[in-house]
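Colleague: I'm new to this one, so could you walk me through it? Let's start once it's up on the screen.

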Amino acid sequence: MLVEDLVHFCAPARLIMGTGARARLPALLQRLGYRRGLVVTDKFFTSATPWVDELVTAARALGVTLTVYDGGAPDPTTTLCDAATATLRAAPETAGIDHVIALGGGSNIDLAKALCLTLPAGAPIRSFIGRIDSATPVLPLVAMPTTAGTGSEATPGAILVDPDNATKIAVMDNRLRPAIALIDPEFTFTCPPRVAADAGIDALTHAIESYVTTDAAAFDLGDDPDPGYSGRTALTMLFARESIRLCAEHLRPSHAATDPAAMREARIGMSHASLYAAMSYGSAGLNAVHGIAYAVAGLTHLSHGTTNAVMLPYVLDALRDVRRDELLTIARLFGIDDADADVAMARLPVVLRDLIGALGVPVTLEACGIREADLDTLTRDALAVTRLAKAFPVPDVAQRYARIVRSAWSGELSFDEGRAHPPLDVQAA
Ligand SMILES: NC(=O)c1ccc[n+]([C@@H]2O[C@H](COP(=O)([O-])OP(=O)(O)OC[C@H]3O[C@@H](n4cnc5c(N)ncnc54)[C@H](O)[C@@H]3O)[C@@H](O)[C@H]2O)c1
C-alpha cells in the first residue's frame, strides 16, 4: 500500500484465460444476448488456421451470426479503418451488428476497437481523437490476442498510423476496453520467433515502464473524471512485478526454445506476462521508453517492439537516482545477485541490453540506422508526445531525454567497462 494512493483502476469487464479457452466463447456470446457479430482479423487467420471457421460454425449453432472481415494489416492506418468502415456499413450482412470480435495481434485488436466507434456513427476515425462525447455509441468488443505483447485486450486505446504525417494517433476511452478479453495461449503457438520476440519485449517494457512511472497521487489527471491512464498504484505494481518475473523466466525461451514442451510452457508464460503487464500499464500508463520509441519509429519505421527494446536499457539507466528500490527489485527478479545494491542496479540495464541483443534486436540507435545529426530532432519529437513526457518521474525531463537519446545512440551505459559509475550527472548533459 502507498499512503497517498489514488486508485482509478479500469480493466476489461470479463477476463477469460486458459489453453483452449476459445471454445467457451460461443456459449458466452449467446448467454450475453449477442445475436449478430463482426469478426475482425487478417488473412493469416482465415487461410492458415481453423480458428475463424470453428468460431463461426459453433456460434451459428447457438443462434449467433458472425460475419468475417479479414482485411486487417500490421500497424493499421486511419485510411484502412475508414475504408473498412465504408465497406462494412454498405454490406447488408453487417446491418444491426451488436458486437465486434477481434482475433489477432495488437494491430487487429486496435482496428477492431476503432471500428467499435466508427461503425455505429459512420464518421472518420480521426474525428474521435481527443475526448469522446459521452453520448457516442460504442459497440462492445471481444478481444482475442494471438501475440503475447501489446496487452491491447485490456487497455482503453487504439493506436493507428496517420499516413498524412507518418505518426501514430491514439483514440482513447475507457468504453473501448473490451467487454470480454479472452486469452487462449494456444493462439500464440503459431507466432514466428521474430513476432514472439518483438511482442515479448513490448510486454516486458509495459511491465517495467509502468512499475517505475509517476505515482497516481502526483499524476496530472487534468479535468477528466474517467481517465484512461492515471499513474502507478500499489495495485498496478503488483501486476507489474509478477509480469517482470514471468518475462525474466519465459521471454528468451519463447523466442528460441527448440524442445516443443519448453516452447509451449514459455508461450503460456508470456501470455500471462503480457496480460499482467497490461493490467498494470492499462491504468498506470507509460512514459519515456514509449515516448522516445514513437519518435524512433517515425524515423526508422521499425516495429513497435524493436523501437521500445532499443530504448529500455538507457531509460532505466537514467532513473537510478529516483527509482532505486524499484530498479533493485527488477534486478533481483532478473537474477542479478550482487551484494552491493548500486552495482546490482547499474548492472540491470546491461543485462537487459544483452537479453534484447540475444533476441535479435539492435541495441543502439546507430544500429537502427539513425544518424547523429538526427538526435536533436528525435529528442524534440519525443518531448512533443507530452502525455508520456509528463509522466517521466524526474524533475528535468527535457535534459534527461536529450542525454538518454545520446547514450542510446552511442550505446553508453553506466556499468560499461565493468564498473558502476554514479547516476547520470544530468546537469552536465
Ligand atoms: N492499443 C494498445 O494499447 C496497444 C499497445 C501496444 C501496441 N499496440 C499496437 O499493436 C501493434 C503491434 O501488435 P503486435 O506486436 O501484436 O503485432 P501485429 O498485430 O502487428 O502482428 C504482426 C504480424 O504477426 C502476425 N501474427 C500475429 N499473431 C500471429 C500468430 N499467432 N501466428 C502467426 N502470425 C501471427 C500478424 O498477422 C502480423 O502479420 C502496433 O500497431 C502497436 O501500435 C497497441
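Colleague: By class, how many nonpolar, polar and charged residues does the shell around the ligand have?

Modeller: Keep in mind that this is a predicted model. Altogether 25 residues surround the ligand, with Asp75, Ser107, Thr147, Thr155 and Phe187 the closest. Sorted by class, that shell has 9 nonpolar, 11 polar and 5 charged residues.

Colleague: Which residue has a polar backbone atom 2.7 Å from a nitrogen atom of the ligand?

Modeller: Let's sort the polar contacts by what the protein offers. Asp110 uses a polar side-chain atom, 2.9 Å from a ligand nitrogen, and Tyr281 also uses a polar side-chain atom, 3.3 Å from a ligand oxygen. That leaves the backbone contact at 2.7 Å to a ligand nitrogen, and it belongs to Phe187.

Colleague: What percentage of the ligand's exposed area does the protein bury?

Modeller: Taken alone, the ligand exposes 860 Å². With the protein there, the buried part of that is 87%.

Colleague: Which element gives the largest share of the shell around the ligand?

Modeller: The elements giving two or more residues are α2 (43-48), α5 (106-121), β6 (157-162) and α6 (193-211). The largest share is 3 residues, and it comes from α5.

Colleague: And where does the ligand lie relative to domain 1 and domain 2?

Modeller: Look at who supplies the shell: domain 1 covers 14-189 and domain 2 covers 191-428. Both give residues to it, so the ligand lies between domain 1 and domain 2.

Methods:
Residues numbered from 1 in each chain as written. Predicted model: local features only at pLDDT ≥ 70, side-chain atom pairs only at ≥ 80, totals over all residues. Heavy atoms only, no water. Near = heavy atom within 4 Å. Polar contact = N/O pair within 3.5 Å; in protein donor to acceptor, adjacent residues only side chain to side chain. Areas by Shrake-Rupley, 256 points an atom, 1.4 Å probe, with all protein chains shown as cover. Helix = DSSP H or I, 4+ residues; strand = E, 2+ residues; numbered from the N terminus. Nonpolar A, V, L, I, M, F, W, Y, C, P; charged D, E, K, R; others polar. Domains from an automatic or database assignment.
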